[in-house]
Amino acid sequence: PTPASSNEDSVSSRRTSRASRTNPFPNAPRPRSSRRHHNASTRAERQMQRLGHRDNERKATERDMQHAIAASNRMVRDEQDAEYYNSLRQDREKEEQKKAAKQREEEEAQIQQILAQSAKEEAARRREKALESLPQEPAAGTSGITTIALKLPRFCKKPRVQRRFPASLDTAEGIYSWVETLEELQGKSWQLVLPVGHKVVHRSDNLKDVGLSPRGLVVVEVNDDEDDDNKA
(Lines give C-alpha, C1' and ligand atoms only; values in the text may rest on other atoms or scores of the structure.)
Protein backbone atom coordinates (compact mmCIF):
# COMPACT_ATOMS: atom_id res chain seq x y z
CA PRO A 1 0.00 0.00 0.00
CA THR A 2 0.94 3.63 -0.62
CA PRO A 3 1.47 6.13 2.16
CA ALA A 4 -1.78 7.96 1.17
CA SER A 5 -3.83 4.79 1.51
CA SER A 6 -2.33 4.10 4.93
CA ASN A 7 -3.34 7.58 6.11
CA GLU A 8 -6.94 7.21 4.91
CA ASP A 9 -7.30 3.85 6.65
CA SER A 10 -5.93 5.33 9.83
CA VAL A 11 -8.45 8.21 9.75
CA SER A 12 -11.37 5.87 9.05
CA SER A 13 -10.27 3.59 11.89
CA ARG A 14 -10.18 6.48 14.33
CA ARG A 15 -13.72 7.66 13.26
CA THR A 16 -15.10 4.14 13.71
CA SER A 17 -13.48 3.81 17.12
CA ARG A 18 -14.94 7.20 18.19
CA ALA A 19 -18.44 6.26 16.97
CA SER A 20 -18.18 2.94 18.80
CA ARG A 21 -17.39 4.70 22.03
CA THR A 22 -20.33 7.11 21.55
CA ASN A 23 -22.88 4.48 20.46
CA PRO A 24 -21.77 0.96 21.23
CA PHE A 25 -24.71 -0.31 19.15
CA PRO A 26 -24.90 1.78 16.04
CA ASN A 27 -27.01 -0.69 14.09
CA ALA A 28 -29.49 -1.30 16.86
CA PRO A 29 -33.11 -0.08 16.22
CA ARG A 30 -34.16 3.33 17.67
CA PRO A 31 -36.34 3.10 20.81
CA ARG A 32 -40.12 3.64 20.40
CA SER A 33 -40.19 6.63 22.69
CA SER A 34 -37.63 8.28 20.55
CA ARG A 35 -39.66 7.55 17.40
CA ARG A 36 -42.82 8.89 19.02
CA HIS A 37 -41.01 12.01 20.06
CA HIS A 38 -39.70 12.42 16.54
CA ASN A 39 -43.14 11.87 15.00
CA ALA A 40 -44.77 14.27 17.42
CA SER A 41 -42.16 16.84 16.68
CA THR A 42 -42.70 16.34 12.98
CA ARG A 43 -46.47 16.64 13.34
CA ALA A 44 -46.04 19.77 15.45
CA GLU A 45 -43.81 21.27 12.82
CA ARG A 46 -46.33 20.42 10.11
CA GLN A 47 -49.15 21.82 12.23
CA MET A 48 -47.18 25.00 12.77
CA GLN A 49 -46.50 25.18 9.06
CA ARG A 50 -50.21 24.71 8.33
CA LEU A 51 -51.11 27.33 10.92
CA GLY A 52 -48.52 29.66 9.50
CA HIS A 53 -49.84 29.06 6.02
CA ARG A 54 -53.41 29.70 7.19
CA ASP A 55 -52.29 32.83 8.99
CA ASN A 56 -50.60 34.02 5.83
CA GLU A 57 -53.76 33.26 3.84
CA ARG A 58 -55.86 35.10 6.44
CA LYS A 59 -53.56 38.09 6.30
CA ALA A 60 -53.61 38.00 2.49
CA THR A 61 -57.42 37.82 2.57
CA GLU A 62 -57.56 40.73 5.00
CA ARG A 63 -55.25 42.74 2.77
CA ASP A 64 -57.40 41.95 -0.25
CA MET A 65 -60.51 42.97 1.67
CA GLN A 66 -58.86 46.19 2.81
CA HIS A 67 -57.80 46.95 -0.76
CA ALA A 68 -61.31 46.20 -2.00
CA ILE A 69 -62.85 48.42 0.71
CA ALA A 70 -60.38 51.20 -0.08
CA ALA A 71 -61.16 50.90 -3.79
CA SER A 72 -64.90 50.93 -3.06
CA ASN A 73 -64.49 53.98 -0.83
CA ARG A 74 -62.51 55.75 -3.54
CA MET A 75 -65.22 54.91 -6.06
CA VAL A 76 -67.90 56.25 -3.71
CA ARG A 77 -65.89 59.43 -3.09
CA ASP A 78 -65.33 59.87 -6.84
CA GLU A 79 -69.05 59.45 -7.50
CA GLN A 80 -69.90 61.89 -4.71
CA ASP A 81 -67.36 64.38 -6.04
CA ALA A 82 -68.76 63.99 -9.56
CA GLU A 83 -72.31 64.54 -8.28
CA TYR A 84 -71.18 67.56 -6.27
CA TYR A 85 -69.37 69.19 -9.18
CA ASN A 86 -72.26 68.36 -11.50
CA SER A 87 -74.64 70.00 -9.04
CA LEU A 88 -72.39 73.06 -8.88
CA ARG A 89 -72.29 73.21 -12.67
CA GLN A 90 -76.08 72.97 -12.90
CA ASP A 91 -76.46 75.67 -10.25
CA ARG A 92 -74.08 77.94 -12.16
CA GLU A 93 -75.96 77.29 -15.39
CA LYS A 94 -79.29 78.07 -13.72
CA GLU A 95 -77.86 81.24 -12.21
CA GLU A 96 -76.45 82.28 -15.57
CA GLN A 97 -79.80 81.56 -17.23
CA LYS A 98 -81.59 83.65 -14.57
CA LYS A 99 -79.15 86.50 -15.09
CA ALA A 100 -79.52 86.27 -18.87
CA ALA A 101 -83.32 86.19 -18.58
CA LYS A 102 -83.29 89.14 -16.20
CA GLN A 103 -80.97 91.04 -18.51
CA ARG A 104 -83.25 90.31 -21.47
CA GLU A 105 -86.26 91.49 -19.47
CA GLU A 106 -84.47 94.67 -18.49
CA GLU A 107 -83.37 95.29 -22.08
CA GLU A 108 -86.89 94.60 -23.33
CA ALA A 109 -88.31 96.93 -20.71
CA GLN A 110 -85.84 99.63 -21.76
CA ILE A 111 -86.76 99.12 -25.40
CA GLN A 112 -90.47 99.33 -24.59
CA GLN A 113 -89.84 102.42 -22.52
CA ILE A 114 -87.90 104.02 -25.39
CA LEU A 115 -90.62 103.06 -27.86
CA ALA A 116 -93.33 104.40 -25.57
CA GLN A 117 -91.45 107.63 -25.07
CA SER A 118 -90.85 107.90 -28.80
CA ALA A 119 -94.53 107.25 -29.52
CA LYS A 120 -95.50 109.82 -26.93
CA GLU A 121 -93.18 112.41 -28.44
CA GLU A 122 -94.43 111.57 -31.93
CA ALA A 123 -98.04 111.90 -30.78
CA ALA A 124 -97.20 115.25 -29.20
CA ARG A 125 -95.66 116.43 -32.47
CA ARG A 126 -98.68 115.25 -34.43
CA ARG A 127 -101.02 116.96 -32.00
CA GLU A 128 -99.07 120.19 -32.22
CA LYS A 129 -99.07 120.00 -35.99
CA ALA A 130 -102.80 119.19 -35.98
CA LEU A 131 -103.54 122.18 -33.76
CA GLU A 132 -101.66 124.40 -36.19
CA SER A 133 -103.51 123.04 -39.21
CA LEU A 134 -106.93 122.88 -37.55
CA PRO A 135 -109.11 125.71 -38.89
CA GLN A 136 -110.58 128.09 -36.37
CA GLU A 137 -114.07 127.12 -35.29
CA PRO A 138 -116.70 129.47 -36.72
CA ALA A 139 -119.24 131.11 -34.47
CA ALA A 140 -122.64 129.54 -34.14
CA GLY A 141 -125.08 130.71 -36.84
CA THR A 142 -122.36 131.40 -39.42
CA SER A 143 -123.62 130.59 -42.88
CA GLY A 144 -122.21 127.71 -44.88
CA ILE A 145 -120.64 125.94 -41.89
CA THR A 146 -120.38 122.19 -41.49
CA THR A 147 -121.15 120.64 -38.12
CA ILE A 148 -119.52 117.32 -37.34
CA ALA A 149 -120.24 115.10 -34.32
CA LEU A 150 -117.77 112.45 -33.21
CA LYS A 151 -118.80 109.26 -31.45
CA LEU A 152 -115.80 108.41 -29.26
CA PRO A 153 -114.61 105.04 -27.89
CA ARG A 154 -115.99 103.80 -24.61
CA PHE A 155 -112.84 104.61 -22.63
CA CYS A 156 -113.24 108.34 -23.35
CA LYS A 157 -114.86 110.50 -20.68
CA LYS A 158 -117.31 112.02 -23.16
CA PRO A 159 -119.11 109.60 -25.49
CA ARG A 160 -119.74 112.33 -28.07
CA VAL A 161 -118.22 115.69 -29.03
CA GLN A 162 -119.22 118.23 -31.67
CA ARG A 163 -117.45 120.96 -33.63
CA ARG A 164 -118.17 123.48 -36.38
CA PHE A 165 -116.00 123.86 -39.49
CA PRO A 166 -115.91 126.76 -41.99
CA ALA A 167 -117.49 126.52 -45.44
CA SER A 168 -114.02 126.47 -46.99
CA LEU A 169 -113.44 123.00 -45.60
CA ASP A 170 -114.57 120.53 -48.24
CA THR A 171 -112.56 117.39 -47.30
CA ALA A 172 -112.21 115.25 -44.17
CA GLU A 173 -108.70 116.56 -43.55
CA GLY A 174 -110.00 119.00 -40.93
CA ILE A 175 -111.88 116.20 -39.12
CA TYR A 176 -108.65 114.14 -38.92
CA SER A 177 -106.79 117.17 -37.55
CA TRP A 178 -109.50 117.61 -34.93
CA VAL A 179 -109.32 113.95 -33.80
CA GLU A 180 -105.51 114.14 -33.59
CA THR A 181 -105.83 116.97 -31.03
CA LEU A 182 -107.95 114.90 -28.60
CA GLU A 183 -105.90 114.00 -25.51
CA GLU A 184 -107.56 110.64 -24.83
CA LEU A 185 -106.70 109.36 -28.30
CA GLN A 186 -103.00 110.22 -28.16
CA GLY A 187 -100.86 107.21 -29.03
CA LYS A 188 -103.86 105.22 -30.23
CA SER A 189 -104.39 103.64 -33.62
CA TRP A 190 -107.77 104.72 -34.92
CA GLN A 191 -109.85 105.28 -38.03
CA LEU A 192 -113.00 107.22 -38.95
CA VAL A 193 -116.04 105.34 -40.19
CA LEU A 194 -119.63 106.22 -41.03
CA PRO A 195 -122.24 104.82 -38.66
CA VAL A 196 -124.29 103.51 -41.56
CA GLY A 197 -122.60 100.96 -43.77
CA HIS A 198 -119.39 101.15 -41.73
CA LYS A 199 -117.61 102.91 -44.58
CA VAL A 200 -114.14 104.25 -43.80
CA VAL A 201 -113.72 107.99 -44.18
CA HIS A 202 -110.35 108.96 -45.65
CA ARG A 203 -108.59 112.30 -45.34
CA SER A 204 -109.15 113.18 -49.00
CA ASP A 205 -112.85 112.27 -49.05
CA ASN A 206 -115.22 115.09 -50.01
CA LEU A 207 -117.61 115.86 -47.16
CA LYS A 208 -120.63 116.19 -49.42
CA ASP A 209 -119.77 112.97 -51.26
CA VAL A 210 -119.70 110.96 -48.01
CA GLY A 211 -122.78 112.69 -46.62
CA LEU A 212 -121.09 114.73 -43.88
CA SER A 213 -122.05 118.21 -45.11
CA PRO A 214 -123.68 120.32 -43.83
CA ARG A 215 -124.04 118.02 -40.84
CA GLY A 216 -122.86 114.52 -40.08
CA LEU A 217 -121.82 111.90 -37.56
CA VAL A 218 -118.47 110.09 -37.64
CA VAL A 219 -117.45 107.14 -35.44
CA VAL A 220 -113.91 106.99 -34.10
CA GLU A 221 -112.83 103.36 -33.97
CA VAL A 222 -109.63 102.30 -32.23
CA ASN A 223 -107.71 99.06 -32.53
CA ASP A 224 -109.64 96.26 -30.83
CA ASP A 225 -106.68 95.25 -28.61
CA GLU A 226 -106.14 98.82 -27.43
CA ASP A 227 -109.87 99.19 -26.75
CA ASP A 228 -109.83 95.97 -24.70
CA ASP A 229 -106.80 97.17 -22.72
CA ASN A 230 -108.55 100.43 -21.84
CA LYS A 231 -111.71 98.60 -20.83
CA ALA A 232 -109.66 96.35 -18.54
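## A walk through the chain

Let's start at the surface: the chain exposes about 18000 Å², and carbon and sulfur atoms supply 49% of that area. Keep in mind as you look around that this is a predicted model.

What is the chain built from? It has four helices and five strands. If you read along the sequence, they come in the pattern α-α-β-β-α-β-β-β-α. The chain has 232 residues, and 19% of them are buried. Now think about contacts between residues at least 6 apart in sequence: 67% of these join residues at least 24 apart.

Next, find helix 2, which covers residues 32-133 and includes Glu79. Glu79 belongs to a patch of negative charge on the surface, where it gathers with Asp78, Asp81 and Glu83. Is Glu79 buried, exposed or partly exposed? With a relative accessibility of 46%, Glu79 counts as partly exposed, because that value falls between the 20% limit for buried and the 50% limit for exposed.

Charges of opposite sign can also pair up, and the structure holds ten salt bridges. Stay in helix 2 for two of the pairs. Lys59 and Asp55 meet through their side chains in a salt bridge, at 3.3 Å from N to O. These two are four residues apart in helix 2, so about one helical turn separates them. Both ends of this bridge are partly exposed: Lys59 has a relative accessible area of 38%, and Asp55 has one of 24%.

Arg58 makes a salt bridge with Glu62, and here the closest N and O atoms are 2.8 Å apart. Once again you are looking at two residues of helix 2 that sit four residues apart, about one turn of the helix. Arg58 is partly exposed at 42% relative accessible area, and Glu62 is partly exposed too, at 35% relative accessibility. Put the four residues together and you get a network: Asp55, Arg58, Lys59 and Glu62 are linked by salt bridges.

Now for a bridge that reaches further along the sequence. Glu173 forms a salt bridge with Arg203, with 2.9 Å between the closest N and O atoms. Glu173 lies in helix 3, while Arg203 is in the loop between strand 4 (200-201) and strand 5 (215-222), so this pair ties together parts that are 30 residues apart in sequence. Glu173 is partly exposed, with 34% relative accessibility, and Arg203 is partly exposed as well, with a relative accessible area of 32%.

What about the rest of helix 3 (residues 173-180)? Seven of its eight residues are buried, so the helix is largely enclosed by the rest of the structure. Those buried residues are Gly174, Ile175, Tyr176, Ser177, Trp178, Val179 and Glu180.

For the last stop, look for Cys156. Where does Cys156 lie? You'll find Cys156 in the loop between strand 1 (146-151) and strand 2 (160-165). Even though it is in a loop, Cys156 counts as buried, with a relative accessibility of 8%. Leaving out residues up to four places away in sequence, Cys156 touches Glu184 and Leu185. You can also compare Cys156 with Leu182: they are 26 residues apart in sequence, and their C-alpha atoms are 9.9 Å apart in space.

Conventions: Residues are numbered from 1 along each chain as its sequence is written. This is a predicted model: local features need pLDDT of at least 70, side-chain atom pairs count only at pLDDT 80 or more; totals for chains, interfaces and linings use all residues. Side-chain values use heavy atoms; hydrogens and water are left out. Buried means under 20% relative accessible area, exposed over 50%, partly exposed in between (1.4 Å probe, protein chains only). Contact means heavy atoms within 4.5 Å. Accessible areas come from the Shrake-Rupley method with a 1.4 Å probe; for residues, only the protein chains shown count as cover. Patches are made of residues with over 30% relative accessible area and no salt bridge: like charges are joined within 9 Å, nonpolar side chains (Val, Leu, Ile, Met, Phe, Trp, Tyr) within 5 Å. Lys and Arg count as positive and Asp and Glu as negative; His and the chain ends are not counted. The place of a charge is taken as NZ of Lys, CZ of Arg, CG of Asp or CD of Glu.
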